[in-house]
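Got the model open in your viewer? Let's take a walk through it, one selection at a time.

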Amino acid sequence: IYSENVGHTPAFHGQFSNSRYALLFKPGNHAVTVNVGYYTSVLGLGTKPTDTNIRQVQCENGDFDYTGGALSNFWRSAENFATGTMLWAASQACPLRRLNVNGNLNLFQYNGGCCAGYASGGFLADSIITGNSVAGSQQQYFTRNSNIGRWEGSVWNMVFVGNTGGIPASHCGNTGPGAYTTIPTTPIIAEKPYISIDGSGRFHLRVPRVETGKVGPTSNYDNVDNYDFSRVYVATASDSAATINQKLASGLNVVLSPGIYYLTDSITITRPNTTLLGIGWATLVADNGRPAIVVDNVDGVRVAGILLQAGTAPTSALLNWGTSKNPGNPQNPGVLSDVFARVGGPNNPAQNQVQADIMVQINSGNVIFDGTWLWRADHGIAGEVVNSQNPNKHGLVVNGDNVITYGLAVEHQLNDLVVWNGENGRTYFFQAELPYDVTQQNFGNPGYVGYRVASNVQVHHAYGVGVYIFFRDYDVTTQNGFATGNSPNIVFVAPMTKYLSGKGEIVHVINGRGSSVSQNGNQISYVC
């Protein structure tokens, strides 16, 4: 595994590897050190984190030269075990869930030089950290329902929802105490499904139930719907969508084992309360112009642990949730946990471009999106992506009402990165980079933004949200990072814009408010 997906010689070794791995640790003590690289999940198989103890689990910088550091450490995860002090120097799409860290959690690695590795994450949920969580160079970070001895550090945007312990108070702006947005309670959540093994060697799929007003990590690990594997189909990458759909329609839940699934049709979920769980970065390629996943108008569906990938054929969306705008069920919401998507990266666009109009489209109401990174690649196996290659208009389009996102990261789409048409939407943490390779004519003049709430929407709330610019190739001026209508019930808490590098300018943060950011002016701007 290390020779394929891990290491820093060459830098970011395995970034576009075809290998996928899930390392499953049975309950007990494991005196091993696990270096976690690309497309690898480390998963404890207990019913709770303390059932499985692993001596050391770590993610080092992918480049020990400070100019790279952890900046491209993507697509790896660790869940459901206990360990000692832990190094996790990672950026987007590297979630940590259901951990018990007896010591510090160090979220960066310093190898010398400037900037402590440029870590650019991240996501932590449902965990206990007895020591400090040390942010270091983490530019932004989202933490939900965890108990932390003390949080240490802030760069531009740290968001905390439903945590306990030494959590900083809210402060808008990156001067003084730091840039923190702290929400005391998670309004509604269902934790990510996971696999356990019992004393007889039988596997179980555990699907945590919906919780409201949650504060701190899970205390009752029996608050789940438990399915032994007689009610679960374990798919492999050789299975067609038709085979998987047959199993789903028969009433089985499905676990997607590690691999790359080239789909000529959609995996379609038509039954309520169905779980589709990927492990080991199961990758679904929309290979024939159809969405990789379609969820019908049914309640209580869980989709988790999946990387969606665009193919070469024109594709409307990589995932469609709901086939029409239906209300959903607030008592039994649909939940996406660790569902990621990308357009580009493993392809050479000079030879064949990949494409998708939208990465994730949510048409149903009462859906929760818990942890994602929706990435139009700025680089890939052939180097930089230029001149709007690998076209992708939007990362996320929300048409349903009462949709919530926790830990939303969306980058480099060619139109508005996020479009929110539904009412009563809520976003807790947002991070976006505008595309590197656009022009004034095709991006600045149309007035595209990182996050747009439709002008007719009356109620929307967003907490701790940021849009960054690195207009690498052309000089582009865009007017706003965020755009909304004028309703007094649209509330953005601590929105910010940041100039990273390159050319161009964002003139305002949101709706004509906030100062500009550019190379020769302010580097960062908040509306407080």
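Start with Cys-59: the closest cysteine sulfur, in Cys-94, is 5.9 Å away, which is too far for a bond. Keep in mind as you go that this is a predicted model. Cys-94 is in no disulfide. Check the surroundings of both: Cys-59 is buried at 0% relative accessible area, and Cys-94 is buried too, at 4%.

**The cysteines that do bond**

How many disulfides does the model hold? The count is 2. Select Cys-114 and Cys-115 for one of them, with the sulfurs 1.9 Å apart. Cys-114 is partly exposed, with 34% relative accessible area, and Cys-115 is partly exposed as well, at 32%.

Now jump to Cys-172 and Cys-528, which are joined by a disulfide with an S to S distance of 2.0 Å. This pair links distant parts of the chain, 356 residues apart: Cys-172 sits in the loop between β12 (164-165) and β13 (180-183), and Cys-528 in the segment after β42 (524-526). Look along the S-S bond and you'll find a left-handed link, with -80° about that bond. Is each end buried, partly exposed or exposed? Cys-172 is partly exposed at 27%, while Cys-528 is exposed at 70%. Number the bonded cysteines in sequence order and the pairing reads 1-2, 3-4.

**Parallel strands**

Next, colour β6 (residues 96-106) and β8 (residues 128-134), a parallel pair held over 4 bridges. To line them up, pick Asn-100 and its bridge partner in β8, Ile-128. From β8, step across to β10 (residues 147-152): these two also run parallel, joined by 5 bridges. Here Ser-133 stands opposite Trp-151 in β10.

While you're in β10's residue range, show the side chains of Arg-150 and Glu-152. They form a salt bridge, with the closest N and O atoms 3.0 Å apart. Arg-150 is partly exposed at 42%, and so is Glu-152, at 30%.

**A small detour to an antiparallel sheet**

Select β15, β16 and β18: this is an open sheet of 3 strands in the order β15-β16-β18, with antiparallel pairing. Its edges are β15 (194-197) and β18 (224-228), each pairing on one side only. Neighbouring strands are turned by 30° against each other on average, ignoring direction. Zoom in on β15 and β16 (residues 203-208), which pair over 4 bridges. Ile-195 makes a handy landmark, with Leu-205 as its bridge partner in β16.

**Buried charges**

The structure holds 21 salt bridges. Go back to β6 and select Arg-97 together with Asp-370; their side chains meet in a salt bridge at 2.9 Å, N to O. Arg-97 lies in β6 and Asp-370 in β29 (residues 367-376), so the pair ties together parts 273 residues apart in sequence. Both Arg-97 and Asp-370 are buried.

Stay with β29 and show Arg-376 with Asp-437, a salt bridge at 2.6 Å, N to O. Arg-376 is in the strand, whereas Asp-437 is in the loop between β35 (425-433) and α3 (440-444), 61 residues apart. Asp-437 is buried at 3% relative accessibility, and Arg-376 is buried at 1%.

For a last stop, widen the selection around Arg-97. A network of salt bridges links Arg-97 and Asp-370 with other residues, including Glu-79, Arg-98, Asp-126, Arg-144 and Asp-338. Glu-191, Lys-192, Glu-211 and Lys-214 are among its members as well.

How values were computed: Residues numbered from 1 in each chain as written. Predicted model: local features only at pLDDT ≥ 70, side-chain atom pairs only at ≥ 80, totals over all residues. Heavy atoms only, no water. Pairing = 2+ DSSP bridges. Disulfide = S-S within 2.5 Å. Buried < 20%, exposed > 50% of the residue type's maximum accessible area, 1.4 Å probe, protein only. Axes fitted to C-alpha atoms, helices over the stretch in contact; angles between N-to-C directions. Salt bridge = Lys/Arg side-chain N within 4 Å of Asp/Glu carboxyl O.
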